[in-house]
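Let's take a friendly walk through a structure made of protein chains. Keep the 3D view open and turn it as you read.

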Amino acid sequence: MIDSTLVELQAALAAKRVSSVELTRLHLERIGRLNGRLNAFVTVDEETSLAQALRADEQRARGEAGPLAGIPIAHKDIFCTRELRTTCGSRMLEHYASPYDAHVIEQFGRAGAVLLGKTNMDEFAMGSSNETSYFGPVRNPWDRRLVPGGSSGGSAAAVASRMAPAATGTDTGGSIRQPAALTGVCGLKPTYGLVSRYGMIAFASSLDQGGPLARSAADLALLMNVMAGHDRRDSTSIERPRENYARALNLPIKGLRLGLPAEYFGAGVEPGVLKCVREAIAWFESQGARTLPVELPNTGLAVPVYYVIAPAEASSNLSRFDGVRYGHRAKDYADLTDMYCRTRAEGFGAEVKRRILIGTYVLSHGYYDAYYLKAQKVRRLIAKDFAEAFQRCDVIMGPTSPTTAFPLEAKTEDPVQMYLNDIFTIPAPLAGLPGLSIPCGFDAKGLPVGLQVMGNYFAEAKMLGVAHQYQRATDWHRRVPTETPL
Amino acid sequence: MSLSDDQIRRLARLARIAIGEEESATFRDRLNRVLGLIDQLQAVDTTGIEPMSHALDVVQPLRPDAVTESDQRARFQADAPAVEDGLYLVPKVIE
């Protein structure tokens, strides 16, 4: 049962082969046994989860079961929850009790899902290895000496280790797809604006987007049906008719045009990653898909653009943490300004401070045009490259990450080395495009490799169909991590 | 372009983050690496390119200017570090 997909759990619950209380208890027990080794969860409250499970069982008995009724789901600790504290991986919010639920949390509540716990993450979602969390690093279930990726590393590790059947995450520059790739699970970053950001603690508002992590593409579709939808409380939420993200799972692969950007297959990509990705593409070709080269010549500029825009927006968003209305406040201070300065010095970790300082610099008088405006122009060039590519192909494929999981502390000394790990996941959010990552094999070290599928705006259903067809023919997504046997 | 210790301290003041002398050197080293990365943008020809501030070209929606929220002051202030009589307390700013 612990290894089931959401689709299987739905069937088991509907057939009364298991109750939500039993299912929730099963996952809570596994968390109790494994979380000490992985540190994937920051907050778990058995009473809250079991009370919700009981309510889901009662609703089912009355015939009122929602689409995810009784299924425990873990949430990245960036989504505000009334019932559990919301830390965002920061000392600043260590004891923050949100007075409201995020839109995404409300949607899962309406669907009948059980809140299983809050997952660890890089502080304020700033990181690619989960090492910037105030609550300590998350470890990779395939090898505890390695990072799980970030910033949704806790969610990815929880899903990979079968502590949770599915989880939510957020992606600003790769924070869903990169940890999904490094832990061997599936993750989708939707088109910007599909999932409401209401109650999702802001990092870089023009890029941030919530999305699901799960163990199959079909499960991602189910989760998207719950998460996506217009919300007036997020002014960037898109108003469009609701869609069924599972409608194209049986997509025919024959005739599908796969765009392959040379920039994603060049130097810097590990041979083991290239091999798996190429084999996956060969499978699609064997099924009648047609591959064609596409050009994304500005790919190399995506990381520098991102490290202007994201810190600029972060420095503005994080100015709200001033020790007055919520969050940490320093104990000793001389005056108001000193209170702000000490509060923020104590409440934020080193990476968050660095990004705030970079953001402050690129927005400061005399540098705005040279950095911020320049970055916004290059961002347009990157988006144009994609627009041209999608005139010729249905989806773009390549590696999610140039490497498999790397050791803890391997990249903490040089921030630029850490940033460059996101070279293939940063372009899509800059353009606002959707991207997903699914497992496509293992390298010589036995570590999972992620295949990235990028699509045009609102092409999620098609991308999920592409992924689902691949998963009908392969079992990479069903492999269980070596450190966390069933 | 690389930042001096003085510039780091000035940025930290602007950002309201206290940093010590030793910390300042570490910040300088790491921030300058990041600046080296983003300086690559200067070489790109962006003549005639419109800046892209948002992922999608959408119009900012407007709503009627009407009260929709109920009064939850007590609940909100339960999260505050210091409150008194419904007010948020900060250190004295006027003598």
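Chain B holds 3 helices and 2 strands. Reading from the N terminus, these elements follow the order α-α-α-β-β. Keep in mind that this is a predicted model. For chain B the mean pLDDT is 91, and 98% of its residues reach 70 or more. The model as a whole scores ipTM 0.95 and pTM 0.97.

Chain A has 15 helices and 11 strands. Here are the two chains side by side.

| Chain | Residues | Radius of gyration | Value for a compact globule | Buried residues | Span of the C-alpha trace |
|---|---|---|---|---|---|
| A | 486 residues | 21 Å | near 23 Å | 62% | about 65 × 55 × 45 Å |
| B | 95 residues | 22 Å | near 12 Å | 14% | about 55 × 45 × 25 Å |

What does the radius of gyration tell us about chain A? Its 21 Å agrees with the value near 23 Å for a compact globule of 486 residues. Chain B is another story: a compact globule of 95 residues would come out near 12 Å, but chain B has 22 Å. Burial is worth a look too. In chain A, 62% of the residues count as buried, while in chain B buried residues make up 14%. Chain A also brings together distant parts of its sequence: among its contacts between residues at least 6 apart, 76% join residues at least 24 apart.

**Where the chains meet**

How many residues of chain B are in contact with chain A? The number is 41, and they are in contact with 55 residues of chain A. On the chain B side, helix H1 (5-14), helix H2 (21-38) and helix H3 (73-77) each supply at least two of the touching residues. The largest share, 7 residues, comes from H2 of chain B. Sorted by character, the touching residues of chain B are 28 nonpolar, 6 polar and 7 charged.

Two residues of chain A let you see this meeting place in detail. Start with A:Cys341, which sits in helix H10 (residues 336-347) of chain A. Is A:Cys341 buried or exposed? With 22 other C-beta atoms within 10 Å, A:Cys341 is buried, because 20 or more count as buried. Leaving out residues up to four places away in sequence, A:Cys341 touches B:Arg16, B:Ile17 and B:Ala18. For a sense of distance inside chain A, pick out A:Gly229: its C-alpha atom is separated by 39 Å from that of A:Cys341, and the two residues are 112 residues apart along the chain.

Now find A:Gly193, in the loop between strand E5 (186-189) and strand E6 (209-214) of chain A. This glycine is buried, with 24 other C-beta atoms within 10 Å. Setting aside neighbours within four places in sequence, A:Gly193 is in contact with A:Thr236, A:Ser237, A:Ile238 and B:Leu56. A:Gly193 and A:Asp234 are 41 residues apart in sequence, and their C-alpha atoms are 8.7 Å apart in space.

**A helix with two faces**

Next, look at helix H8 (residues 271-286) of chain A. Its 16 residues reach 22 Å from the first C-alpha to the last, close to the 22 Å expected at 1.5 Å a residue. Which residues of H8 in chain A are buried? They are A:Val273, A:Cys276, A:Val277, A:Ala280 and A:Phe284. Seen down the axis of H8, these buried residues fall within an arc of 95°, so they line one face of the helix. The face turned away from them carries the exposed residues A:Pro271, A:Ala282 and A:Ser286.

What covers the buried residues of H8? The cover includes strands E7 (257-261), E9 (395-399), E10 (435-442) and E11 (448-455), along with helix H15 (460-473), in chain A. After H8 comes A:Gly288, whose phi is positive, near 100°.

Finally, step back to the loop between E7 and H8 of chain A, where A:Val269 is found. A:Val269 is partly exposed, with 18 other C-beta atoms within 10 Å. Not counting residues up to four places away in sequence, A:Val269 touches A:Leu274, A:Pro399 and A:Pro402. The C-alpha atoms of A:Val269 and A:Tyr419 are separated by 15 Å, with the residues 150 apart along the chain.

Notes. Residues are numbered from 1 along each chain as its sequence is written. Chains are lettered from A and ligands numbered from 1 in the order in which they are written. This is a predicted model: local features need pLDDT of at least 70, side-chain atom pairs count only at pLDDT 80 or more; totals for chains, interfaces and linings use all residues. Two residues are in contact if their C-beta atoms, placed from the backbone, lie within 7 Å. Helices (H or I, at least four residues) and strands (E, at least two) are DSSP runs, numbered from the N terminus. Ala, Val, Leu, Ile, Met, Phe, Trp, Tyr, Cys and Pro count as nonpolar, Asp, Glu, Lys and Arg as charged, and the others, Gly among them, as polar. The expected span of a helix is 1.5 Å times one less than its number of residues. The arc is that of the directions from the helix axis to the C-beta atoms. The radius of gyration is taken over C-alpha atoms; the globule rule is 2.2 Å times the number of residues to the power 0.38. pLDDT is the predictor's confidence in each residue, from 0 to 100.
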